[in-house]
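Here's a quick briefing to read alongside the model. Have the 3D view open, since the points below hop around the chain.

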Amino acid sequence: MRLRIFTEPQQGATYDTLLTVAKAAEDLGYDAFFRSDHYLKMGDVDGFPGPTDAWITLAGLARETSRIRLGTLMTAATFRHPGPLAISVAQVDRMSGGRVEFGFGAGWYEEEHQAYGIPFPASARERFDRYEEQLDIITGLWSTPVGDSFRYEGRHYRLAEGPALPKPEQAPRPPVLIGGTGVKRTPRLAAHHADEYNVPFNGIDDTLAAFERTRAAVKASGRTDPMVYSAAQVLCCGRNDAEVARRAAAIGRQVDELKENGLAGTPAEVVDKIGRYAEIGSERMYLQVLDLSDLDHLELVADQVAPQVR
């Protein structure tokens with residue numbers, strides 16, 4: 001089991017804060033630092049000082065870290081045109097020396113699109129149609145051999161003969177992550193495009209059901225490349241009950257609810273919960289850290305949880 005730090009900067013974080021957390025995660029031996037891709041806060045927070053762009057952030061981190069892998073859960077297909085996005089991700093991969101992982105989703109948060117004037121397709125079907133075409137284009141641009149051109153004719157996107165450059169550092173491409181619990185289309189797209197399938201913020205039974213649907217889709221596709229399965233859960237770990245309660249209060253949550261719906265409790269309790277995800281096939285756990293000022297939280301998990309789940 002690999003442990004990865006997952007942040008939600010739209011809730012209120014500067015680039016300097018993210019850099020501090022990413023460097024701490026690297027120094028503490030975490031496998032990766034991931035961030036969300038959102039432009040508007042959620043829930044009862046002020047979101048100050050405002051959003052940061054995911055790929056600009058990761059470009060900066062690429063030059064200021066050296067080992068830790070960097071990625072998104074999930075880049076929204078509604079935010080960017082696929083050609084320029086392929087260029088951005090490839091460039092950040094080169095800037096990092098080949099440490100980028102590309103988490104990619106269809107987009108869902110309509111209010112943030114309204115807040116910043118981003119077109120939001122009216123139907124989920126159109127969002128997924130556009131998303132599927134973007135997956136074809138981005139992976140196609142990356143995997144086209146150097147010297148060859150790439151052309152695409154879709155319903156929503158059309159690319160003329162182009163050089164399909166730049167190439168990412170990783171060949172033929174950075175790992176692609178697809179997530180969610182869609183019953184039909186998501187498993188099919190994951191089987192066709194993804195290196196990793198992620199289930200965010202679901203319990204053991206629902207996560208297992210989603211894994212099984214994707215495993216079935218992988219088998220039906222005839223794919224031979226292995227799929228990595230992973231889960232994301234909110235983290236609230238403490239050395240004792242008082243510390244757990246303090247950390248829960250800091251993120252506006254209740255301890256009992258967090259123990260039911262996340263990774264919460266003492267290190268032993270968190271180890272046990274992670275072990276249950278490992279038993280159903282999860283190889284990576286994305287630890288959603290909501291209080292980015294609490295670096296002791298990361299230290300505790302690195303010291304008392306990580307050695308027991310490797």
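Let's begin in a loop: Met74 sits between β3 (69–72) and β4 (75–76). The peptide bond leading into Met74 from Leu73 is cis, with omega near -15°. Keep in mind that this is a predicted model. From here the briefing covers backbone oddities, then aromatic contacts, then the largest pocket.

**Backbone spots to check**

- A second cis peptide bond to look at runs from Ala171 to Pro172, and its omega is near 0°.
- Pro172 belongs to the loop that links β7 (158–162) and β8.
- Ala164 is also placed in the loop between β7 and β8. Its phi is near 55°, which is positive even though Ala164 isn't a glycine.
- Is Ala164 buried or exposed? Ala164 counts as buried, because its relative accessibility is 6% and the cut-off for buried is under 20%.
- Phe201 is another non-glycine residue with a positive phi, here near 60°. You'll find Phe201 in the loop between β9 and α7 (204–221).
- Phe201 has a relative accessibility of 39%, so Phe201 counts as partly exposed.

**Aromatic contacts**

- How many aromatic pairs does the structure hold? The count is 13.
- Take Phe102 and Phe104: the ring centres are 4.8 Å apart and the planes meet at 25°. Stacked pairs need planes under 30 degrees apart, so Phe102 and Phe104 make a stacked pair.
- Both partners of that pair are buried: Phe102 has a relative accessible area of 1%, and Phe104 comes in at 0%.
- Trp108 and Tyr109 are stacked too, with 5.1 Å from centre to centre and 25° between the planes.
- The burial of these two partners splits: Trp108 is exposed at 53% relative accessible area, whereas Tyr109 is buried at 11%.
- Which residues make up the aromatic cluster? Trp55, Phe102, Phe104, Phe128, Tyr131 and Trp142 form one cluster, and so the stacked Phe102 and Phe104 pair is part of that group.
- There's a charge-over-ring contact as well: the charged end of Arg215 sits over the ring of Tyr229, 4.8 Å from the ring centre.

**The largest pocket**

- The largest pocket encloses about 1100 Å³ of space.
- Its lining has 42 residues, and those closest to the pocket centre are Glu8, His38, Met42, Trp108 and Phe201.
- Two of those names have come up already: Trp108 is the exposed partner of a stacked pair, and Phe201 carries a positive phi.
- Which elements each supply at least two lining residues? They are β5 (100–105), α5 (124–143), β8 (176–179) and β9 (196–200).
- The largest share comes from α5, with four residues.
- What is the mix of residue classes in the lining? There are 20 nonpolar, 16 polar and six charged residues.

Methods
Residues numbered from 1 in each chain as written. Predicted model: local features only at pLDDT ≥ 70, side-chain atom pairs only at ≥ 80, totals over all residues. Heavy atoms only, no water. Phe/Tyr/Trp six-rings, centres within 6.5 Å; stacked < 30°, edge-to-face > 60°. Buried < 20%, exposed > 50% of the residue type's maximum accessible area, 1.4 Å probe, protein only. Lys NZ or Arg CZ within 6 Å of the ring centre and 35° of its normal. 1 Å grid on protein atoms, 1.4 Å probe; cavity = no way out; pocket = protein on both sides within 12 Å on 5 of 7 lines; lining within 4 Å. Points joined across faces, edges and corners; volume = space filled by probe spheres on them. Nonpolar A, V, L, I, M, F, W, Y, C, P; charged D, E, K, R; others polar.
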